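Hi everyone, thanks for coming. I'd like to walk you through a structure that may be new to you, so please have a look at it with me.

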Amino acid sequence: MEDHDDSAASGRGAFGGPADVSLNMSMSTDGSRPKGSKKIAAEQAKQEIKARVEKTLAKLHDRDTVANAFAEVVRMAEDLTPEQGGVLLSTLCKFEDAKNGFARLHAARLFPAIAAANYAIVAQFTVSKVVANLVKRTKDADTAVREATAESIGELARVVCDKEKASEPTPP
């Protein structure tokens, strides 16, 4: 067993290769948790959020589950921090189902709903990225998707203007 401890201290693993990451990580000053574990935990949380969002967006394909999927994404947005919300919006921006116009239509409608539910997410991600993605969707072959996208841009503008007015200080 002592050979294993010596090899970890020298930077060499038990089999002569580089030391295992778990053995090579140093402890924090209080000895409770390895350095870098917060970063790893944050990355795992982002991956979990992305997986949940992708699973929920898959429900947009079916007319029977679209209302539940829409509500689920909005509930997720309400509970996320702005940093985590960036993952949600990023995943939504990448969502493009070439075969299902119905899903694309509802994906476009999600942007203003998310902004209304938790504006900090959209502000952190930047409104310009959201609008750029919606503008790209205005070139969709399906007219229903184009109309929904135009409505979403208008609704997003209303939400942004309302939030900006609320954040302005009132004059004395």
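Let's start with helices H8 and H9, whose axes come within 9 Å and cross at roughly 160 degrees. That angle makes H8 roughly antiparallel to H9, because angles over 145 degrees are counted that way. The crossing of this pair is left-handed. Which residues make the contact between H8 and H9? On the H8 side they are Val127, Val130, Val131, Leu134, Val135 and Arg137. On the H9 side you'll find Val145, Arg146, Thr149, Ser152, Ile153, Leu156 and Val160. Sorted by class, the contact of H8 with H9 has nine nonpolar residues, two polar ones and two charged ones.

Before I go further, please keep in mind that this is a predicted model.

Now let's step back to the whole protein. There are nine helices and zero strands. If you read along the sequence, the pattern is α-α-α-α-α-α-α-α-α. The protein has 172 residues, and 34% of them are buried. We can also ask how far apart in sequence the contacting residues are. Taking contacts between residues at least 6 apart in sequence, 61% join residues at least 24 apart.

So what sits in the middle of our story? The largest nonpolar core has 33 residues, and the members that touch the most other members are Leu60, Leu88, Leu89, Ile114 and Val130. Helices H3, H4, H5, H6, H7, H8 and H9 each supply at least two residues of this core. Which helix gives the largest share? That is H6, with eight residues.

Leu89 is a nice one to click on. Leaving out residues up to four places away in sequence, Leu89 touches Phe111, Ile114, Ile121, Val122, Phe125 and Val130.

Let's look at two helix pairs that involve H6. As a reminder, two packed helices are described by the angle between their axes and the distance between the axes.

The first pair on my list is H5 and H6, which pack at an angle of about 160 degrees with their axes 10 Å apart. With that angle, H5 is roughly antiparallel to H6. H5 passes H6 in a left-handed crossing. From H5, the contact uses Leu88, Leu89, Leu92 and Cys93, while H6 brings Ala107, Leu110, Phe111 and Ile114. What classes do the residues in the contact of H5 with H6 fall into? Eight are nonpolar, with no polar and no charged residues.

The other pair is H4 and H6, with an angle of about 30 degrees and axes 9 Å apart. These two helices are therefore roughly parallel to each other, and their crossing is right-handed. Val66, Phe70, Val73, Val74, Ala77 and Glu78 come from H4, and they meet Phe102, His106, Arg109, Leu110, Ala113, Ile114 and Ala117 of H6. By class, the contact of H4 with H6 has ten nonpolar residues, one polar residue and two charged residues.

I'd like to finish with three individual residues.

One is His106, which we just met in H6. Is His106 buried or exposed? At 13% relative accessibility, His106 counts as buried, because the cut-off is under 20%. Leaving out residues up to four places away in sequence, His106 touches Leu60, Val66 and Phe70. His106 and His61 are 45 residues apart along the chain, yet their C-alpha atoms are separated by 9.2 Å.

Next comes Glu72, in helix H4. Glu72 has 24% relative accessibility and so counts as partly exposed. Beyond residues up to four places away in sequence, Glu72 touches Thr56 and Lys59. Glu72 also lies 9.0 Å from Val53, C-alpha to C-alpha, with their positions 19 residues apart in sequence.

My last residue is Thr126, in the loop between H7 and H8. What makes the phi of Thr126 worth a look? Most residues other than glycine have a negative phi. Thr126 has a positive phi, near 85 degrees, and is a residue other than glycine. With 30% relative accessibility, Thr126 counts as partly exposed.

That's my tour. Thanks for listening, and I'm happy to take questions.

Definitions and conventions
Residues numbered from 1 in each chain as written. Predicted model: local features only at pLDDT ≥ 70, side-chain atom pairs only at ≥ 80, totals over all residues. Heavy atoms only, no water. Core = buried A, V, L, I, M, F, W, Y, C linked by side-chain atoms within 4.5 Å. Buried < 20%, exposed > 50% of the residue type's maximum accessible area, 1.4 Å probe, protein only. Helix = DSSP H or I, 4+ residues; strand = E, 2+ residues; numbered from the N terminus. Contact = heavy atoms within 4.5 Å. Axes fitted to C-alpha atoms, helices over the stretch in contact; angles between N-to-C directions. Parallel < 35°, antiparallel > 145°, perpendicular 65-115°, else oblique. Left-handed = near helix turned anticlockwise from the far one by under 90°. Nonpolar A, V, L, I, M, F, W, Y, C, P; charged D, E, K, R; others polar.
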